[in-house]
Amino acid sequence: AHMLVDAEGKPRPARLWTSSMKRCIQTARHIPHERCEYNGAEWVQMRPKIFKNLDELFAGECDGMTYAEIAAAFPEEEEARSRNKFEYRYPRGESYGDLIARLEPLAHEMERQREPLLIIA
């Protein structure tokens with residue numbers, strides 16, 4: 001594994017954020033988490049930080065179903081979704097508008113970061 005370094009060859013800290021989805025957390029395990037000294041303190045490179053806000057759209061009662069399964073089990077929901085995918089909200093789930101509202105605070109947090117940031121979501 002290679003440590004991220006700046007132009008002077010000094011270790012440069014980097015961050016790793018993941019969603020709380022099992023597959024994202026498992027993927028993050030394959031990224032080295034080397035230790036280095038930065039500004040007089042120990043820094044763990046790419047230490048995973050889990051954010052539920054990064055999870056995929058929650059489909060509520062349709063979670064885990066394919067679009068074909070949704071169409072068969074909930075034909076009225078499939079029709080409503082096909083009319084307006086952006087504003088459609090799954091039964092007991094989210095719409096894309098809800099997802100954007102959930103991600104917005106995280107976007108602001110991303111802008112505050114000074115270190116390189118890798119997101120697995």
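Colleague: Is Arg102 buried or exposed in this predicted model, and why?

Modeller: Start from the cut-off: a residue is buried when its relative accessible area is under 20%. Arg102 counts as buried because its relative accessibility is 17%. Remember that this is a predicted model.

Colleague: Where does Arg102 sit?

Modeller: Arg102 belongs to helix α4. That helix covers residues 96-112, 17 residues in total.

Colleague: Which backbone oxygens lie by the polar atoms of the Arg102 side chain?

Modeller: Look for pairs of N or O atoms within 3.5 Å. The backbone oxygen of Asn53 is 2.7 Å from a polar atom of the Arg102 side chain. For the backbone oxygen of Glu56, the distance to a polar atom of that side chain is 3.3 Å.

Colleague: Which residues is Arg102 in contact with, beyond its neighbours within four places in sequence?

Modeller: Here the test is heavy atoms within 4.5 Å. Arg102 touches Lys52, Asn53, Leu54, Asp55, Glu56, Leu57, Phe58 and Glu94.

Colleague: Take Lys52 from that list. Is Lys52 buried or exposed?

Modeller: Lys52 is exposed, because its relative accessible area is 59%. Lys52 lies in the loop between β4 (48-50) and α2. Leaving aside neighbours within four places in sequence, Lys52 is in contact with Ser20 and Arg102.

Colleague: How many ångströms separate the C-alpha atoms of Lys52 and Leu16?

Modeller: The separation is 14 Å. Along the chain, Lys52 and Leu16 are 36 residues apart.

Colleague: Back to α4. Which of its residues are buried?

Modeller: First, the general idea. An α-helix has 3.6 residues a turn, so residues three or four places apart point the same way. In α4, the buried residues are Leu99, Arg102 and Leu106. The buried residues of this helix pack against β1 (15-18).

Colleague: How do I judge the span of α4, from first C-alpha to last?

Modeller: Compare the span with the expected rise of 1.5 Å a residue. Helix α4 reaches 25 Å, close to the 24 Å expected.

Colleague: Where does α4 bend?

Modeller: Helix α4 bends at Glu104, by about 30°. A proline follows within four residues: Pro105.

Colleague: What caps the N-terminal end of α4?

Modeller: For a cap, check side-chain oxygens against backbone nitrogens at the helix end. Ser95 caps α4. A side-chain oxygen of Ser95 lies 3.3 Å from the backbone nitrogen of Gly97.

Colleague: What about Glu69 in helix α2: where does a polar atom of its side chain reach?

Modeller: Helix α2 spans residues 67-73. A polar atom of the Glu69 side chain lies 2.8 Å from the backbone nitrogen of Thr66. Glu69 counts as partly exposed because its relative accessibility is 40%.

Colleague: Now the whole chain. What is its secondary structure?

Modeller: Count the elements, then read their order. The chain has four helices and five strands. Along the sequence, the pattern is β-α-β-β-β-α-α-α-β.

Colleague: How does the radius of gyration of the chain stand against a compact globule?

Modeller: A compact globule of 121 residues would come near 14 Å. The chain has 19 Å. Its C-alpha atoms fill a box of roughly 60 × 25 × 20 Å along the principal axes.

Colleague: What share of the residues is buried?

Modeller: Of the 121 residues, 30% count as buried. The chain exposes about 8400 Å², with 52% supplied by carbon and sulfur atoms.

Colleague: And what share of contacts joins residues at least 24 apart?

Modeller: The base is contacts between residues at least 6 apart in sequence. Of these, 64% join residues at least 24 apart.

Terms used
Residues are numbered from 1 along each chain as its sequence is written. This is a predicted model: local features need pLDDT of at least 70, side-chain atom pairs count only at pLDDT 80 or more; totals for chains, interfaces and linings use all residues. Side-chain values use heavy atoms; hydrogens and water are left out. Helices (H or I, at least four residues) and strands (E, at least two) are DSSP runs, numbered from the N terminus. The expected span of a helix is 1.5 Å times one less than its number of residues. The bend at a residue is the angle between axes fitted to the seven residues ending there and the seven starting there. Buried means under 20% relative accessible area, exposed over 50%, partly exposed in between (1.4 Å probe, protein chains only). A polar contact is a pair of N or O atoms within 3.5 Å; within protein, one must be able to donate a hydrogen and the other to accept it, and residues adjacent in sequence count only if both atoms are side-chain atoms. The radius of gyration is taken over C-alpha atoms; the globule rule is 2.2 Å times the number of residues to the power 0.38. Accessible areas come from the Shrake-Rupley method with a 1.4 Å probe; for residues, only the protein chains shown count as cover.
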